[in-house]
Amino acid sequence: MTGLDSLITDALAAPATLDTPLPATPLHAVPGVSVGVANGSVKKPGRTQPDVVVVATDAPASFAAVTTTSTAAAAACLWTRARVPALRRAVVVNSGNANAATGRQGVQDNLAMAAAVAEQLGCVPDDVLVCSTGVIGVPLPMERLAPAVTVAAHDAAHRVPPASSPARAICTTDTRTKGAGVTVGGVTVAGMAKGSGMIHPNMATMLGFIATDAKVAPDHLQALLEAVADRTFHQISVDGDMSTNDTVVLLASGVGPWVEPGGPGWSDLVTGVSLVARQLAREIARDGEGARTLLTVTVEGGPDDAAARAWSRAVVSSSLFKAAVHGKDPNWGRIVGALGAAGAIGLDALDVDLGGVAVMREGAPVPFDEPTASAAMAEPELCVTLRLPGDGHGVAWGCDLSAEYVSINADYRS
C-alpha cells in the first residue's frame, strides 16, 4: 500500500452514517472559487429551473478530473480528459442533455460552450473544462444554451452570488441535492454531485465537483483524485449501467496553504477530499432512482484491498439481492451467489451479517430470527458485513431495486 493509499484508508476508517453527515457547503464558500448559475431551458423551451453552472477560480489553478471509461464517451468527457491535469480556470456544466452520440456537431457545440466561458473570464477555451448530463443522442439546443452559459460565466467572473442552488441546477432525475464540506487543519474542501440512475462508475450518469483552497501541483492533485475515486465514486452502483458522461473534477484554487506529498497539510487535504467524496458517493447511491434503502456492504478479508472492493461492489450490483432488499427478504444466499460470480475466494470460511444479524458463520448457515433481519432491512440504511480470510478491506454502496426504477426509466424522455 502506498503512502497515499494509507492516508486515504486512515481518513475513511471511521464508518459513515446517515446520522452524521457533513454540512452541504457550497463550492463558492471555498476561498478563490466563484459560481454562476443560469437557465438555458435545455430540456424544454420555457423551462424555469436553472440547468447551467460555471465554477471558476480567481486565477489559473490546478484542475484534475476522472471520466467514464466508456468507449462511447461524450464530447465533454473527451475534451476534459485531454486537458487535465493542468492549470485551468473553470468548468462549465449543463444538465438535461448529454451531448453524447451527437457527432461533429456535438464536438463543435462543446467547444462553443468552453469559448463562451473563456470570453467572460479573459482566458482561452482550453482553460475551461466541460461537463454535460442528460439525454443521449440529441443535439444541444445551443440557441438557448449558449446565452445561458454566457450569463453564468459573467456572474462567476464578477462574483455575483448565485440566486439558485448550483447543486440543484446540475440535477436530472435526482430527488435531492448532494453536497458536503469540511475543514481539516488549515485546508477547506467542499463538493457537490448529481446522480440517481445509470450509476455504475468506472466512472455513471454522475457528475461530481470538489474544490479546495489549497495550493497543489496539478500532478499531485490528479493522483489524489484517482486514488480517492477508486475508494468512493467507483464503489457505487444503482443499476449496473455505465454512462457516457461520468466526470468528477477536483480543483485547487491556490489561495490557501501550499500542500505537497509528505509536507505539512498533505494529510489534511487527503482527509478532506476523501470525506467529501465518500459522502457524495453515498448520497448518489442513496438517491438511486426509485430507491428506499441505502445499501452499504463491507468486505473484511481477501488478498488485498482491491479484491475486497471488487467483491463488495459485486454484492451491491446484484439485481437479485437489490430486489430482495426492496422486499425486506433476508435471502442472504443471493449475497453468496454474487460473491461466487465475482470470483471471491475463501467462501468456505465466509461470515455474513445482515443488518447486524448473523446468518452465516464459517461458510455454513446459522439459525436466525427472520423477522428481526427483515426489520433491519426496513431501515433507511442496511449494513452488510462479510468476513473472509485475508487482510483486505473494501466498502461499496448501492440501493434497493424497485418497480419505480422501471417506471422512471420507461418514461425518461417523455
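**Sheet, helix α3 and the surroundings of N245**

Helix α8 (residues 305–316) lies across β9, β13 and β14 and runs at about 20 degrees to β14; here contact means heavy atoms within 4.5 Å, and axes are lines fitted to C-alpha atoms, for helices over the stretch in contact, with angles from 0 to 180 degrees between N-to-C directions. Helices (H or I, at least four residues) and strands (E, at least two) are DSSP runs, numbered from the N terminus. The model is predicted, with local features requiring pLDDT of at least 70 and side-chain atom pairs counted only at pLDDT 80 or more, while totals for chains, interfaces and linings use all residues. Residues are numbered from 1 along each chain as its sequence is written, and side-chain values use heavy atoms, leaving out hydrogens and water.

An open sheet of six strands follows the order β12-β11-β10-β13-β9-β14, with mixed pairing. Because β12 (364–365) and β14 (393–399) stand at the edges with a single partner strand each, one side of each has no neighbour in the sheet. Two strands are taken to pair if DSSP finds at least two bridges between them. Strand β9 (residues 294–300) runs parallel to β13 and is joined to it by seven bridges; E300 stands opposite R387 in β13.

Strand β10 (residues 351–354) pairs in the antiparallel sense with β13 (residues 381–387) over four bridges, and with β11 (residues 357–361), also antiparallel, over three. D353 has T385 as its bridge partner in β13 and stands opposite A358 in β11. Both faces of β10 are covered, with D351 and D353 buried on one side and V352 and L354 on the other; buried denotes under 20% relative accessible area, with a 1.4 Å probe and protein chains only. The hairpin of β10 and β11 has two residues between the strands, and G355 in this hairpin takes a positive phi near 60 degrees. Helix α10 (residues 333–341) lies across β10, β11 and β13, at about 55 degrees to β13.

Among the buried residues of α3 are G106, D109, M113 and L121. Elements covering the buried residues of this helix include β2 (52–67), β3 (86–97) and α4 (142–157). Just after α3, G122 takes a positive phi of about 75 degrees.

N245 lies in the loop between α6 (218–231) and β8 (247–252), and counts as buried because its relative accessibility is 3%. A polar atom of the N245 side chain lies 2.7 Å from the backbone oxygen of A98. Leaving aside residues up to four places away in sequence, N245 touches several residues, including T68, C77, S132 and M206.

Definitions and conventions:
Buried < 20%, exposed > 50% of the residue type's maximum accessible area, 1.4 Å probe, protein only. Polar contact = N/O pair within 3.5 Å; in protein donor to acceptor, adjacent residues only side chain to side chain.
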